Amino acid sequence: MPEPLLHSAGPRGLYVRTFGCQMNEYDSLRVQRLLANLGYVPVNDIGQADVIFLNTCSVRGKAEQKVHSFLGSLRRLKVTKPHLKIIAGGCVAQQLGEKLLDRFDHLDMVIGTRAVNSVGQMLQRVQESGGRLACVPDEESDGTEIDGRKIPPQAGVTALVTIMQGCNNFCSYCIVPYVRGPERSRRADEILEEIRRLDESGVREVLLLGQNVNSYGRGLGENITFADLLRRIGAETSIARIRFTTSHPKDLSDELMRCFAEVDSLCKHLHLPVQAGSDRVLARMNRGCTVAGYMEKIRRLRQICPEIALTSDVIVGFPGETEEDFKKTMQLLDEVRFDNLFSFRYSDRPNTMAATFADKVDPEAAARRLLELQSYQADITLGKNLAEVGSTRLVLVEGPSRASNGQMTGRTTQNRVVNFQVPLSSIGRIVGVKIAFAYSHSLKGDIIPT
Ligand code: SAH
Ligand code: SF4
Ligand code: F3S
């Protein structure tokens, strides 16, 4: 059926909803840039959308369920607005492909993680034919990927820059290598060019993204390591702050650790997922790293950069995890004293090795362990925040605080959120803030007049 005339003229509304990690956020940006070329403008109100793009996450069962229920909730909207096109992209789309179309008859299009650059052409085909389409290639199908019609804009003080895609590690619990494909690094010149453009547009901080940025450069044929890339960004752009995520401990080199002391614009924070504190569990997770190896890296990092803040990810209730194993994870938290921690209950994922392990942990025991671990870490995090009271920290002003109490929010180099009173004109500036109060997830302070 041809499109009604009403909707073929003027700008069309694009509503994007992103689930999952920051790499998905970056891919959503790619989609926005690609569809901007076809005249789509982003809308915040779903009611104004002509196209809805749902960028999905499959990392844990719960994440996938959220996607399914959101998709289900769109059925009514489609009934009231038949010309609306609904697209599912991201990791659930890659995982389920056509099955998603079968399951949701109001879904128009499914696009895999490696076909993002085809979103415009596919949408046009769907609009012209009035049919439904799924494209979930296992291999790169659209040139060198990223492109997103050569990316920037990104409004805001902080911008995301994906520097590598995919993962080769196959941790036994993880679906990511299956839905994102093998690891591939982006050319350094392209990354630097993007950062320069962001810098010129007013961005002050970049967050470099990859599933394992520490192995950046492998297979690129440019003879460059991640540490080299950081040094080049520090030396060749005037971006004020650099952050990155995520790092795999097995690939954390001394050379990279030294960047924390030597690259001025590199923020003093490292997210280094450990996953478990028992060697037996780590081996079954296929992490390629032991507890002693991890602790040695932490010791070295703190020696090179004593003020570095450390955060991590932990999974509890991994198949075969005993009370003894769990105690070892608690012991590790006690020894490292992370500044913050993200912890998850193990969840079976399709295709993964761990899903085939027979010795699953009783769900109640896993839930209890998670609570225990989270409350233990909450005390550590609060203690670390309390220790900030009285100090003066440099904070990059990001914008109005979510609490909408007239305050502004920003982060210290150690990635702590600070709220304080400052005029709107200060957005994008780095200011000194004297910390007066500490809470579980943030700090509050007073600006030091300059
Ligand atoms: N590339 C990152 C992690 C990406 S997934 C890294 O290697 O660190 C983010 C986090 O989700 C992981 O660190 C892990 O803690 C958690 N996670 C991944 N798969 C999971 C599963 N099947 N069950 C529970 N947690 C999981
Ligand atoms: Fe998943 Fe492991 Fe790759 Fe991280 S390093 S994305 S946890 S397989
Ligand atoms: Fe989720 Fe895919 Fe990211 S599974 S965590 S959106 S890579």
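This is a short tour of the ligand sites, the cavities and two backbone spots in a predicted model.

**Stop 1: ligand 1**

Select ligand 1 and show the residues around it. Its shell has 15 residues, and Arg60, Gln211, Gln275, Asp313 and Ser347 come nearest. Color that shell by class. You should find 6 nonpolar, 4 polar and 5 charged residues.

Now look at single contacts. Start with glutamine 211. An N or O atom of its side chain sits 2.8 Å from a nitrogen atom of ligand 1. Move to tyrosine 173. Here a polar backbone atom is the partner, 3.0 Å from a nitrogen atom of ligand 1. Then pick glutamine 275. One of its polar side-chain atoms is 2.8 Å from an oxygen atom of the ligand.

How much of ligand 1 does the protein bury? Alone, the ligand exposes 540 Å², and the protein buries 89% of that.

Next, switch to a cartoon view. Strands β13 (309–316) and β14 (340–345) are the elements that give two or more residues to the shell around ligand 1. Color by domain as well. Domain 2 (153–267) and domain 3 (268–386) each supply at least three residues of this shell.

**Stop 2: ligand 2**

Select ligand 2. Three cysteines belong to its surroundings: Cys167, Cys171 and Cys174. Add Asn169, Phe170, Tyr173, Val176 and Pro177. Finish the shell with Gln211, His248 and Arg287. Which class leads here: nonpolar, polar or charged? The shell holds 7 nonpolar, 3 polar and 1 charged residues.

Keep Tyr173 and Gln211 selected for a moment. Both surround ligand 2. Tyrosine 173 also has the backbone contact with ligand 1, and glutamine 211 has the side-chain contact.

**Stop 3: ligand 3**

Go to ligand 3. Around it are Cys21, Asn24, Thr56, Cys57, Ser58, Val59, Cys91, Arg180 and Gln211. By class, that is 4 nonpolar, 4 polar and 1 charged. Gln211 appears here, as it does around ligand 2 and ligand 1.

**Stop 4: the cavities**

Hide the ligands and turn to the empty space inside. How many cavities of 30 Å³ or more are there? The count is 3. The largest encloses about 50 Å³.

To find the largest cavity, select its lining: Asp27, Val31, Phe53, Asn55, Gly89, Gly90, Ile111, Gly112, Thr113, Val116 and Arg180. Helix α1 (22–36) and strand β3 (51–56) are the elements that give two or more residues to this lining. Its classes are 4 nonpolar, 5 polar and 2 charged. Arg180 is part of this lining and also of the shell around ligand 3.

**Stop 5: two backbone spots**

Zoom in on threonine 245 and threonine 246. The peptide bond between them is cis, with omega at about 5°. Threonine 246 lies in the loop between β11 (241–245) and α10 (254–262).

Last, select arginine 337. Its phi is positive, about 55°, although it is not a glycine. Arginine 337 lies in the loop between α13 (323–336) and β14. Strand β14 is also one of the elements that serve the shell around ligand 1.

Methods
Residues are numbered from 1 along each chain as its sequence is written. Chains are lettered from A and ligands numbered from 1 in the order in which they are written. This is a predicted model: local features need pLDDT of at least 70, side-chain atom pairs count only at pLDDT 80 or more; totals for chains, interfaces and linings use all residues. Side-chain values use heavy atoms; hydrogens and water are left out. A residue is near a molecule or strand if one of its heavy atoms lies within 4 Å of it. Ala, Val, Leu, Ile, Met, Phe, Trp, Tyr, Cys and Pro count as nonpolar, Asp, Glu, Lys and Arg as charged, and the others, Gly among them, as polar. A polar contact is a pair of N or O atoms within 3.5 Å; within protein, one must be able to donate a hydrogen and the other to accept it, and residues adjacent in sequence count only if both atoms are side-chain atoms. Accessible areas come from the Shrake-Rupley method with a 1.4 Å probe; for residues, only the protein chains shown count as cover. Helices (H or I, at least four residues) and strands (E, at least two) are DSSP runs, numbered from the N terminus. Domain bounds come from an automatic or database domain assignment. On a 1 Å grid over the protein atoms alone, a cavity is a set of points where a 1.4 Å probe fits but cannot get out, and a pocket is an open set with protein on both sides within 12 Å along at least five of seven lines; lining residues have an atom within 4 Å of a point. Grid points are joined across faces, edges and corners, and a volume is the space filled by probe spheres set on the points.
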